[in-house]
Amino acid sequence: MTVLAAVCTKIPDGRLAIIFLPMFTFTAGNALKAIIAMDTAGMILGWKFFDHAAHLGGALFGIWYITYGHELIWKNREPLVKIWHEMRTNGPKKGGGSK
């Protein structure tokens, strides 16, 4: 669900169709709105056919990742990469005893 929501957020004007109804097309933005509405209604009304909370959580995470998360993660990865390269070149630090 996260991947579907991310793609629909990134390309909202993309045309989609249901495999069994290829003559009926709709935009990815409208599909995402419909899926979120259906899963929200499913949670409120207590439908048990799907896990609507999981679908809604996945969709919201996909939207958040495309909107904010991708930039946050790649902008703030520098300290982690420095630590990783230091560990790879110098090896693990040994502590405990005195020499």
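**Exercise 1. The H1–H3 crossing**

Which hand does the crossing of H1 and H3 have, left or right? Work it out on this predicted model, then describe the packing.

*Solution.*
Step 1. Two packed helices are described by the angle between their axes and the distance between the axes.
Step 2. Helix H1 covers residues 2-10, and its axis lies 7 Å from that of H3. The packing angle is about 45°.
Step 3. H1 is therefore oblique to H3.
Step 4. The crossing of H1 and H3 is right-handed.
Step 5. List the contact residues. H1 supplies Thr-2, Ala-5, Ala-6, Thr-9 and Lys-10. H3 supplies Gly-58, Ala-59, Phe-61, Gly-62, Ile-63, Ile-66 and Thr-67.
Step 6. Sort the residues of this H1 and H3 contact: 6 are nonpolar, 5 are polar and 1 is charged.

**Exercise 2. H1 against H2**

Give the geometry of the H1 and H2 pair, then name the residues that make the contact.

*Solution.*
Step 1. The axes of H1 and H2 are 8 Å apart, at an angle of about 140°.
Step 2. An angle over 145 degrees would count as roughly antiparallel. H1 and H2 are therefore oblique to each other.
Step 3. H1 passes H2 in a left-handed crossing.
Step 4. On the H1 side, the contact uses Leu-4, Ala-5, Cys-8 and Thr-9. On the H2 side, it uses Ala-28, Gly-29, Leu-32 and Ile-35.
Step 5. The residues of the H1 and H2 contact split into 6 nonpolar, 2 polar and no charged.

**Exercise 3. H2 against H3**

Repeat the analysis for H2 and H3.

*Solution.*
Step 1. H2 and H3 pack at about 145°, with 8 Å between their axes.
Step 2. The crossing of H2 and H3 is left-handed.
Step 3. H2 brings Leu-32, Ile-36, Met-38, Asp-39, Thr-40, Gly-42 and Met-43 to the contact. H3 brings His-52, Ala-53, His-55, Leu-56, Ala-59 and Ile-63.
Step 4. By class, the residues of the H2 and H3 contact are 8 nonpolar, 4 polar and 1 charged.

**Exercise 4. The nonpolar core**

Which residues form the largest nonpolar core, and which elements give two or more residues to this core?

*Solution.*
Step 1. The largest nonpolar core has 5 residues. They are Ala-5, Cys-8, Ala-28, Leu-32 and Ala-59.
Step 2. H1 and H2 are the elements that give two or more residues to this core.
Step 3. Follow Ala-5. Beyond its neighbours within four places in sequence, Ala-5 is in contact with Leu-32, Ala-59, Gly-62 and Ile-63.
Step 4. Set this against a general tendency. In soluble globular proteins, nonpolar side chains tend to be buried together.

**Exercise 5. Gly-42 and His-52**

Are Gly-42 and His-52 buried or exposed? Which residues does each contact, leaving aside neighbours within four places in sequence?

*Solution.*
Step 1. Locate both. Gly-42 sits in helix H2, residues 28-45. His-52 belongs to helix H3, residues 52-75.
Step 2. Apply the cut-off: buried means under 20% relative accessible area. Gly-42 has 2%, so Gly-42 is buried. His-52 has 5%, so His-52 is buried.
Step 3. Take the contacts beyond four places in sequence. Gly-42 touches Trp-47 and His-52. The partners of His-52 are Met-38, Asp-39, Gly-42, Met-43 and Trp-47.
Step 4. Check a distance. Gly-42 and Ala-53 are 11 residues apart in sequence, and their C-alpha atoms are 8.4 Å apart.

**Exercise 6. Accessibility and separation**

Classify Lys-10, Phe-20 and Glu-86 by accessibility. Then give a C-alpha distance for each.

*Solution.*
Step 1. Exposed means over 50% relative accessible area, and partly exposed runs from 20% up to that limit.
Step 2. Lys-10 lies in H1. Its relative accessibility is 61%, so Lys-10 counts as exposed. Lys-10 and Ile-63 are 53 residues apart in sequence but 8.7 Å apart in space, C-alpha to C-alpha.
Step 3. Phe-20 is in the loop between strand E1 (15-18) and strand E2 (21-27). With 73% relative accessible area, Phe-20 is exposed. From Phe-20 to His-85 is 65 residues along the chain and 51 Å between C-alpha atoms.
Step 4. Glu-86 is part of helix H4, residues 78-90. At 44% relative accessibility, Glu-86 is partly exposed. Glu-86 and Ile-44 are 42 residues apart in sequence, with 50 Å between their C-alpha atoms.

Key
Residues are numbered from 1 along each chain as its sequence is written. This is a predicted model: local features need pLDDT of at least 70, side-chain atom pairs count only at pLDDT 80 or more; totals for chains, interfaces and linings use all residues. Side-chain values use heavy atoms; hydrogens and water are left out. Helices (H or I, at least four residues) and strands (E, at least two) are DSSP runs, numbered from the N terminus. Buried means under 20% relative accessible area, exposed over 50%, partly exposed in between (1.4 Å probe, protein chains only). Contact means heavy atoms within 4.5 Å. Axes are lines fitted to C-alpha atoms, for helices over the stretch in contact, and angles run from 0 to 180 degrees between N-to-C directions. Angles under 35 degrees count as roughly parallel, over 145 as roughly antiparallel, 65 to 115 as roughly perpendicular and the rest as oblique. A crossing is left-handed if the near helix is turned anticlockwise from the far one by less than a right angle, and right-handed if clockwise. Ala, Val, Leu, Ile, Met, Phe, Trp, Tyr, Cys and Pro count as nonpolar, Asp, Glu, Lys and Arg as charged, and the others, Gly among them, as polar. A nonpolar core is a set of buried Ala, Val, Leu, Ile, Met, Phe, Trp, Tyr and Cys residues joined through side-chain atoms within 4.5 Å.
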